[in-house]
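The following paragraphs lead the reader through one protein chain, from a single loop residue to the overall fold. Please keep the sequence and the coordinates at hand while reading.

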Amino acid sequence: MPNFNAKFLRGAVLLPRGIAAVRRLGPGLITGAADDDPSGIATYSQAGAQWRFGLVWMLLLTTPLMIGIQMLSARIGWATGRGLAANMAALCPRWLTHSLIALLVVANTINIAADIGAMAEAARLIVGGSTVLYSLMFGALCLLAQVFFSYERSVRLLKWLTLSLLAYFAVVMVVHVPLKQLAVESLQPWKFFPAGASVRDYAAMVVAVLGTTISPYLFFWQASQEVEDQRLRPDAAELRNHPAYVQEHLARIRLDTTVGMLLSNGVALSIVIATAVTLNLHGITQIQTSAQAAEALRPVAGDLAFTVFALGIIGTGLLAVPVLAGSAAYAVSDVLGWKASLSHGFHEARGFYGLIIAATGLGTVLGMMEVDPIKALVWSAVVNGVISVPIMAVMLWLGQSTRIMGELTISLRHRLLGWAATALMGIAVVVMLVTL
C-alpha cells in the first residue's frame with residue numbers, strides 16, 4: 001500500500017491542478033478530434049445549408065449521449081485490458097461478432113475512401129492539379145505515418161492543422177445569428193422544411209448526423225487506446241487492485257472523454273450554425289462542391305476561405321484515416337488472436353499492420369473514383385449511423401456483464417444514457433428505411 005500511495009501522490013496530488021488536468025487528457029481528446037473528420041465537416045455543412053437550424057437540437061441532444069457511449073467504450077477497454085472486439089467474442093455468438101466486425105470494416109473502408117477523396121479535392125481547391133495524384137499522395141502519407149511513426153507523435157503535429165476548424169467558432173461570433181429563429185426552428189423543424197424536402201430526406205440527414213457524431217470506429221479506437229495505455233504502464237496491473245487508483249483512473253476517463261466530446265460537438269454545432277447563416281439564409285441550400293462549403297468561412301477568412309477550409313479538411317483527414325484503419329485492424333486482430341499494437345514494430349505484428357495497409361490502400365483506390373465528394377462523405381456518415389445501432393447494443397450488454405467487467409459494471413444512470421442513445425439512433429434508422 002505505501003508504494004501505491006507514493007505513486008498516486010506523485011501522479012495526481014502533488015502536480016499543480018492545471019498541469020495534472022492536461023496530462024490526464026489522452027485517448028478521449030484524440031478520439032474527439034478524429035470525430036470531426038472530412039465526413040463530419042461535409043455532413044454538418046450540408047445539414048446547415050439544407051435544413052438551416054432544423055438539426056441544431058440533434059447536436060445538443062447527442063452531446064451527453066456521445067459522452068456516455070464513449071465513456072463506456074473506454075471503460076470496457078480499461079477494465080478488461082482487452083479491445084472491444086475481443087470482449088464481444090468472449091460474450092457473443094461467433095456469427096454475431098463476425099457480422100459486426102465485418103460491418104465495421106466495410107463502413108471504415110467507405111469512410112476512408114470518402115475522407116481521402118475529400119482531402120484530394122481540398123488540395124485541388126487551393127493549388128490545382130489532379131485529384132488522383134493527391135489521393136495517392138495522402139493515402140501513402142497515412143500509411144507511412146501508421147507503419148513507421150507513432151500515431152501520438154503524428155497527432156502532435158497534425159493537431160495544428162485542425163485548429164483551422166476554430167474558424168467556424170469565429171464565424172458564429174462575428175455574423176448575426178438570429179437566436180429566436182434558431183430556437184424556434186430547432187424545436188419545430190417539421191414546420192420549416194425547405195421546398196421539395198420530405199420526411200425521408202430529413203430522416204436520412206438525422207441518421208447522417210448521428211452516424212458522423214456517434215461513429216462505431218470511435219468506440220473501437222478509444223477502447224484499444226486504453227489497452228495500449230495500460231501496456232505502457234508496467235505497474236498498471238498492481239495498481240488496479242487499489243480502490244483509490246481505480247476511482248482516480250475512472251475519473252480520468254470521465255474528464256478525458258468529456259473534454260474530447262464537448263470539443264468535437266462544439267465544432268460540429270458551430271459548423272451547422274455558420275453554414276445556416278452564411279449559406280442557407282443567402283439562398284445556398286445545397287452544397288455540391290468543396291468550394292461552396294468553403295464559402296461559409298468567408299466572413300472571417302475572406303479570400304483565404306478556401307485555404308482555411310482545405311487545411312481543416314486535410315488536417316482532420318490525416319488524423320481520422322489512421323483512426324479508421326487502426327480501429328478496423330484492432331477489431332479484426334482481436335477476433336483472430338493476432339498481436340495488435342501500434343507500439344509493436346511491423347515485424348512483430350505483421351497481420352495487424354497488413355490490415356492497416358489493406359484498409360488504407362483499398363480506401364485510397366475507392367477515393368480516386370469519380371464520385372461526388374460531398375455526397376460520398378454524407379453517405380459514409382449514413383452507413384456509420386446504421387451500423388452503430390447493433391454495435392452500441394452489444395457494448396451496453398458488455399458494460400452490464402459481471403462476467404466481463406467484474407465489479408466495474410456501469411451504473412444504472414450510465415445504462416439509461418446508453419440505451420437512450422441506442423434507441424434514438426435506432427428510431428432514426430427505422431424512419432429512414434420505412435420512408436425510402
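In this predicted model, a convenient point of entry is Ser411, which occupies the loop joining α21 (402-405) to α22 (412-435). Is this residue buried, partly exposed or exposed? Ser411 has a relative accessible area of 38%, and because buried means under 20% and exposed means over 50%, Ser411 counts as partly exposed. Its C-alpha atom is separated by 9.1 Å from that of Gly399, and the two residues are 12 apart along the chain.

Gly399 falls within the span of helix α20, which covers residues 373-400, and this helix leads to a packing arrangement. Two packed helices are described by the angle between their axes and the distance between the axes. For α20 and helix α13 (residues 216-231), the angle is about 45 degrees and the axes are 8 Å apart. The two helices are therefore oblique to each other. On the α13 side, the contact is formed by Pro216, Phe219 and Phe220; α20 contributes Asn384, Ile387, Ser388, Ile391, Met392 and Met395. Sorted by class, this contact comprises 7 nonpolar and 2 polar residues, with no charged residues.

Phe219 and Phe220 appear again in the interior. In soluble globular proteins, nonpolar side chains tend to be buried together. The largest nonpolar core here has 133 residues, and those that touch the most other members are Leu55, Leu84, Tyr168, Phe219, Phe220, Leu297 and Phe309. Which helix gives the most to this core? That helix is α18 (residues 305-336), with 15 residues.

Phe309, within the residue range of α18, illustrates the surroundings of one such core member. Setting aside residues up to four places away in sequence, Phe309 touches Ile41, Leu125, Tyr168, Ser290, Ala293, Ala294 and Leu297. Of these, Tyr168 and Leu297 are also listed among the residues touching the most other core members.

Ile41 in turn directs attention to helix α4, which spans residues 38-51. The 14 residues of α4 reach 19 Å from the first C-alpha to the last, close to the 20 Å expected at 1.5 Å a residue. This helix is mostly covered, with 14 of its 14 residues buried. Just after α4, Arg52 adopts a positive phi of about 55 degrees.

The chain as a whole may now be considered. Its secondary structure consists of 22 helices and 0 strands, and 55% of its 436 residues count as buried. Among contacts between residues at least 6 apart in sequence, 84% join residues at least 24 apart.

Conventions: Residues numbered from 1 in each chain as written. Predicted model: local features only at pLDDT ≥ 70, side-chain atom pairs only at ≥ 80, totals over all residues. Heavy atoms only, no water. Axes fitted to C-alpha atoms, helices over the stretch in contact; angles between N-to-C directions. Helix = DSSP H or I, 4+ residues; strand = E, 2+ residues; numbered from the N terminus. Parallel < 35°, antiparallel > 145°, perpendicular 65-115°, else oblique. Contact = heavy atoms within 4.5 Å. Nonpolar A, V, L, I, M, F, W, Y, C, P; charged D, E, K, R; others polar. Buried < 20%, exposed > 50% of the residue type's maximum accessible area, 1.4 Å probe, protein only. Core = buried A, V, L, I, M, F, W, Y, C linked by side-chain atoms within 4.5 Å. Expected span 1.5 Å × (residues − 1).
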